[in-house]
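Colleague: I'm new to this one, so could you walk me through it? Let's put it up first.

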Amino acid sequence: MGRRRRKVIRIPKKKLPRIFTCPGCGKQAVRVEISKEHTYAVVRCGSCGITDEFDIKPVFKEVDAYCLFIDRFYKSKEQLVK
Ligand SMILES: [Zn+2]
């Protein structure tokens, strides 16, 4: 009986998620694009069409821009309620 070979599953570290959950429609359809100059980000939901564009810091990654987008989304919602 031969030993069972274990399959090594490697998870590539470089692959960061680029599709995020939308705070508006709840679907995983939000794309974050960062400008080449790393000065601003464009966030767009492919499902409900929410779009946002804002300035970012050069160190920001897609995830950071997404967090900012969420912040902005809820802040604008609060203002609407008031
Ligand atoms: Zn959406």
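Colleague: How many bridges join strand S3 to S4?

Modeller: Strands are DSSP runs (E, at least two residues; helices are H or I, at least four), numbered from the N terminus, and two strands pair if DSSP finds at least two bridges between them. S3 covers residues 40-45 and runs antiparallel to S4. Ala 41 has Phe 54 as its bridge partner, and Arg 44 stands opposite Thr 51. The number of bridges joining S3 to S4 is 5.

Colleague: Before we go on, what sort of model is this?

Modeller: Residues are numbered from 1 along each chain as its sequence is written. Local features need pLDDT of at least 70, side-chain atom pairs count only at pLDDT 80 or more, and totals for chains, interfaces and linings use all residues, as this is a predicted model.

Colleague: Which residue in the turn between S3 and S4 has a positive phi?

Modeller: S3 and S4 form a hairpin, with 5 residues between them. One residue in that turn has a phi of about 90°, and that's Gly 49.

Colleague: Which are the edge strands of the sheet?

Modeller: The open sheet has 4 strands in the order S1-S2-S3-S4, with antiparallel pairing. An edge strand here pairs on one side only, so to speak: S1 (19-21) and S4 (51-55).Colleague: How many buried residues does S4 have?

Modeller: Buried means 20 or more other C-beta atoms within 10 Å of a residue's own (exposed: 12 or fewer; partly exposed: in between), with C-beta atoms placed from the backbone. S4 has 5 residues and is hardly covered. Its count of buried residues is 0.
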